Amino acid sequence: MHKAYWKSVFILIALLIGGAFLYPSFRFYSQPLADQQAMRERRNPLVNKILNLGLDLQGGIHLLLELQTDKLPDDRPETLREAIERAIEVVRNRIDQFGLSEPLIVRQGEKWIVVQLPGVKDREQAKDLIGRTALLEFRIVDSGGVPEALLKKARELGLGAKDLRPGKMPGALEGLIPPGTELLAGKEASFYLVKSSAEMTGSALKNARVEMGNDYSGVAPHVALEFGDEGAKQFAQVTEANVNRNLAIVLDGVVQSAPVIRTAIRDGHAIIEGQFTAEDAKFLKSVLQAGALPAPLEIIEERTVGATLGEDSIKGGLLAGAVGLGLIFIFMAAYYKWSGMLANLALLLNLFLLLAAMAAFHATLTMPGIAGIILTLGMAVDANVLILERMREESHLGKSPRLVVEQGYDKAFSAILDGNLTTIIAAVFLFQFGTGPVKGFGISLTLGLLVSMFTAIIVTHTVYDLWLMHRRVEKLSV
C-alpha cells in the first residue's frame, strides 16, 4: 500500500480519537447552565471528562491564605518550607471534597498559599472546609478484600475519593458492602474495604520522618513513626491483635497507604516500608504529619469572580476568534485559490485537534489559554503560507505538480520546524515555572504548535498526495 494511504488511515484514527475526547465536552456544554450545575453537584462521571474552564471563564473563588508562623508548635521542630508543604497537603485534601477537577493550590512567597476554586458558588462553605481540622485515622483493612461485585459497581459508577466518605456511602452500593465495613478510595485510584470504626486517630502520633535504610529495608527510604505514651499503648494493642493484616492510613476518608503489620510493636516506634522512592516517602511523611494544620491559616485576600464576567469573556474571545478566522479564510482562498482552501481546512482540523488534546490532558481553558490558541492558529497559517510560497516558486519554474508539492514541502520544512521549536521551548518553560493562567497559556501554546505542525506538514501533504494519485493535474492551483 502506498504510504499516503497509511498516512490517511493514521489521520483518520487521530480524528476519531480526537472526537472521542471532545464529545463529552460538547455534550456537557451544550446543556443549559442549570443542568450543567446539577451534573456537577451530582458528580456525574461525564464532568471528569470535559475540558475544564478556568476561574476567569467559569467564575469562582480566589483566596490568599497566610500561615500563622508565630503559632507553629515548639514540640515539632520543622522548617517553614515543611510547614507550608503540610498546610498545602491538608488544604488539597479539603478541596478534593468539592469534587473539583482543576483547583489551583500553590505556594506563593514565603508563607502564603493561593487557592482558586473554579465554579464554586458557596463561599462560606469553601472557607469553612479549608479552615477546619483534618482527620487522620488508622483503620484495619478487611481481610476478605474487596468483593468483585462491589469493585465492579464502584468502577461502573466512576466513584472516587470525593464520593466515598466515611459514614456516607452511595446508595447504589447498599447491600454490596459487608456489615461493619466501609469502602474507601485509595490515593492511587484503588479501593479498600476497611473496618467502619477507626483503631486510632492522628492525635496519637507524635512525629513522622523519612529515614534511609536499616535492618528492614536496606538502603531504601522508609517512614519512621513515633507515638506518644498513650498512643504507644494503643498502637501496641492494635498491632498485637492484627499481625499480618493491613493497617490503612486514612486522611480525610482517603487511604494514603496500607502497610502490613509484621509483628506487635510495643515501644511506640514503627516504620512504614515499601518500594518507596525518596519522593514517595516524603509525601507519606507529609500526609502523616498533615493530620492537622501545622498552624492556623488566615484568609488575607478574598475575591469572587462572577460567572457573568466569565460568559462575557468567552463571548468576547469567541467573537474575536471567529472574526480573525473568517478574515484569514477569505484571504487564503482569494490569494492561494484551491491550495488556500486546503490550508483553511487544515486550520479547522488544527482547532479541533487542539481542543481534543487539551481535553485529553485535562487541561484548563483560561483567557490566556484562548490567547495561546489564537496565537497558535496564527502560527499555523504562517506555516501554510511558507509551504504555499515555496510551492508557488517551484510552480513558476515550470515543474510538474508532483515536484512542486515535494520540493515545496522540503524547502519549507526546516523554517517551520525552527520557528515552532524555539517557541515550544519557551512555552515549556512557561508551563514548568508558571502558575495559574500562565501555565494554561504554556499548555495551550505547546499543544497548539505540535498540532499545527501535524496538520500543516502531514495532513495537507497527504491530501496533495492522494489528489495527485487519482487525478491528472496539469498545473497546481496555488
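**Exercise 1.** In this predicted model, find which residue of strand 12 is the bridge partner of Ile249, and place the pair in its sheet.

*Solution.*
Step 1. Ile249 has Ser257 of strand 12 as its bridge partner.
Step 2. Strand 11 (residues 247-251) and strand 12 run antiparallel and are joined by three bridges.
Step 3. The order 8-5-11-12 describes an open sheet of four strands with antiparallel pairing.
Step 4. Strand 8 (200-201) and strand 12 (254-257) each have a single partner strand, so they stand at the edges, and one side of each lacks a neighbour in the sheet.

**Exercise 2.** Describe the pairing of strand 3 with strand 4 and the hairpin between them.

*Solution.*
Step 1. Strand 3 covers residues 104-108 and strand 4 covers residues 112-118; five bridges pair them in the antiparallel sense.
Step 2. One bridge partner is Trp112 in strand 4, which pairs with Gln108.
Step 3. Three residues lie between the strands of this hairpin, and Gly109 takes a positive phi near 70 degrees.

**Exercise 3.** Characterise the largest cavity by its volume and its lining.

*Solution.*
Step 1. Counting cavities of 30 Å³ or more gives two.
Step 2. The largest cavity holds about 40 Å³ of space.
Step 3. Its lining consists of Ser339, Leu342, Ala343, Asn384, Ile387, Leu388, Tyr409, Thr460 and Tyr464.
Step 4. Helix 9 (307-360), helix 10 (367-396) and helix 12 (437-470) are the elements that give two or more residues to this lining.
Step 5. Sorted by class, the lining of the largest cavity has six nonpolar and three polar residues, with no charged residues.

Definitions and conventions:
Residues are numbered from 1 along each chain as its sequence is written. This is a predicted model: local features need pLDDT of at least 70, side-chain atom pairs count only at pLDDT 80 or more; totals for chains, interfaces and linings use all residues. Side-chain values use heavy atoms; hydrogens and water are left out. Two strands pair if DSSP finds at least two bridges between them. On a 1 Å grid over the protein atoms alone, a cavity is a set of points where a 1.4 Å probe fits but cannot get out, and a pocket is an open set with protein on both sides within 12 Å along at least five of seven lines; lining residues have an atom within 4 Å of a point. Grid points are joined across faces, edges and corners, and a volume is the space filled by probe spheres set on the points. Ala, Val, Leu, Ile, Met, Phe, Trp, Tyr, Cys and Pro count as nonpolar, Asp, Glu, Lys and Arg as charged, and the others, Gly among them, as polar.
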